[in-house]
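Subject: Structure handover

Hello,

Here is the structure I said I would pass on. My notes on what was found in it follow below.

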Amino acid sequence: MINVFQPALGAAELDAVAETFASNWLGYGPRAERFEAEFASHVGVPPENMIFINSATSGLFLAVELLGLSPGDEVVVPSEGFVANANVILTAGARPVFCDVDPRTLNPSAADVERAMSPRTRAVMVLHYGGYPGQIAEIAELCQRRGVTLIEDAACAPASSVDGRACGSFGDLAVWSFDSRKIITTGDGGMLYVRDPALARRANRLAYHGLEDRTAFTTAAKVSSRWWDLHVDEPGRRLIGNDMTAAIGSTQLRRMPEFLRRRREIVETYDALLRDVDGVRLPPPLPAGHVTSYYFYWVQMPAAIRDDVAEDMYKAGIYTTFRYAPLHHVPLFGGADLPGTEEATRTTLLLPLHQGLTDADVRLVAEQLRKAVESRSVAGRGD
Ligand SMILES: Cc1ncc(COP(=O)(O)O)c(C=O)c1O
């Protein structure tokens, strides 16, 4: 099978793991701190505001916890989002209010977000669909104007930017994911960015048992006369990453430009090979100044044939999928009337996109898609 998502790991990552083994320190320590600093520098924010955690989901849980939400509080979030986006809001005791998306970009516009706001809105949580920044600058401006916290779910956007500003640095809080399907991976892992320095210090404590100074527990260093004493003012969790995964992360981050070059090449090849397929619409062009991480490549087609096309592709050894099954269809999360989301959900299919695809794979995917769409369209017309 040709996978939709796949990591690219090799000798460099193995060397980094071997070096960590040799150091005999696998927990959070110097490599995790280095990875935090490297990623912060990549995003263009201070290192002390970046925390290496065990998943983006953990970061989202912590982000909403930091807001201190109460029952009746609302958080606006696109229904076209990851399941954790709604889970973390509900767990915090608040209510997710789903906003619509543009059916072509699958990102919400600032107007979509604003329409879902009410006097009870405490925060807005938006992702960057498939790494495409969307109207993040306008949404950040809206949140600032309305005095509402912006949480950026930049899980899929490690290299995305608008006018040179990195996605993840527009909001008050942001997360990135390094899970096993992401562009750069640590197996499991993520980063949490907290813009406000005092809140960042609190987030650091809450990410590790509420301990005021985690150094004594996470390194071999002697930090005080009785370094085993506890200083806990607020109960915390255990969400931090470790040196072994951080060593992989540093290596992957170094290799990311190479990954992005290949992903871009694949996207351009799909664009060229699929441009003239009748009934298929390609992802809309990026607005000026926008840079994507090329995480998803999606095509859109009549709803009547989408599932059959996916089935035909699967039988041809090509895995496709749809992200994200809309959250407002899940009864637990509550409903909404979202025409853009409904349209995108019925018509969109993600094609394989990862740096491990060969030119022959890409040609095969394009050929099979053309074949599937053309034959299913003909069948649908009853010819
Ligand atoms: C938009 C989005 N947010 C969050 C996550 C969760 O990331 P993690 O697996 O690191 O918790 C994902 C994972 O697929 C995602 O796509």
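The domain assignment splits the protein chain into domain 1 (11-252) and domain 2 (256-381). Please keep in mind that this is a predicted model. The C-alpha centres of the two domains are 27 Å apart, and their contact involves 40 residues from domain 1 and 42 residues from domain 2.

Next, the nonpolar cores. The largest one has 105 residues, and Trp-176, Leu-274 and Val-299 have the most contacts inside it. Helix H9 (residues 243-274) is the element that gives the most to this core, namely nine residues. Domain 1 (11-252) and domain 2 (256-381) each supply at least three residues to the core. To see what surrounds one of its residues, take Val-299: leaving aside residues up to four places away in sequence, Val-299 touches Leu-274, Val-280, Arg-281, Leu-282, Thr-347, Thr-348, Leu-349, Leu-351 and Leu-369. There is also a second, separate core of 18 residues, with Val-124, Val-126, Leu-142 and Val-162 among them.

The model holds a ligand, surrounded by 14 residues. The closest are Thr-57, Asp-153, Ser-177, Asp-179 and Lys-182. Three contacts to oxygen atoms of the ligand can be listed:

- Ala-56: a backbone N or O atom, at 2.9 Å.
- Thr-57: a polar side-chain atom, at 2.6 Å.
- Tyr-324: an N or O atom in the side chain, at 2.7 Å.

The ligand taken alone exposes 390 Å², of which the protein buries 93%.

Tyr-324 comes up again in the backbone. A cis peptide bond, with omega about 0°, joins Arg-323 and Tyr-324. Tyr-324 sits in the loop between helix H10 (303-315) and helix H11 (339-347). Most peptide bonds are trans, and most residues other than glycine have a negative phi.

Two residues that are not glycine have a positive phi: His-209, at about 65°, and Tyr-294, near 55°. His-209 is in the loop between helix H7 (197-206) and helix H8 (215-218), while Tyr-294 is in the loop between strand E10 (290-291) and strand E11 (297-300). Which of these loop residues is buried, and which is partly exposed? Tyr-294 has a relative accessible area of 13%, so it counts as buried, the limit being under 20%. His-209 has 36% relative accessibility and therefore counts as partly exposed.

Regards

Technical notes. Residues are numbered from 1 along each chain as its sequence is written. This is a predicted model: local features need pLDDT of at least 70, side-chain atom pairs count only at pLDDT 80 or more; totals for chains, interfaces and linings use all residues. Side-chain values use heavy atoms; hydrogens and water are left out. A nonpolar core is a set of buried Ala, Val, Leu, Ile, Met, Phe, Trp, Tyr and Cys residues joined through side-chain atoms within 4.5 Å. Buried means under 20% relative accessible area, exposed over 50%, partly exposed in between (1.4 Å probe, protein chains only). Helices (H or I, at least four residues) and strands (E, at least two) are DSSP runs, numbered from the N terminus. Domain bounds come from an automatic or database domain assignment. Contact means heavy atoms within 4.5 Å. A residue is near a molecule or strand if one of its heavy atoms lies within 4 Å of it. A polar contact is a pair of N or O atoms within 3.5 Å; within protein, one must be able to donate a hydrogen and the other to accept it, and residues adjacent in sequence count only if both atoms are side-chain atoms. Accessible areas come from the Shrake-Rupley method with a 1.4 Å probe; for residues, only the protein chains shown count as cover.
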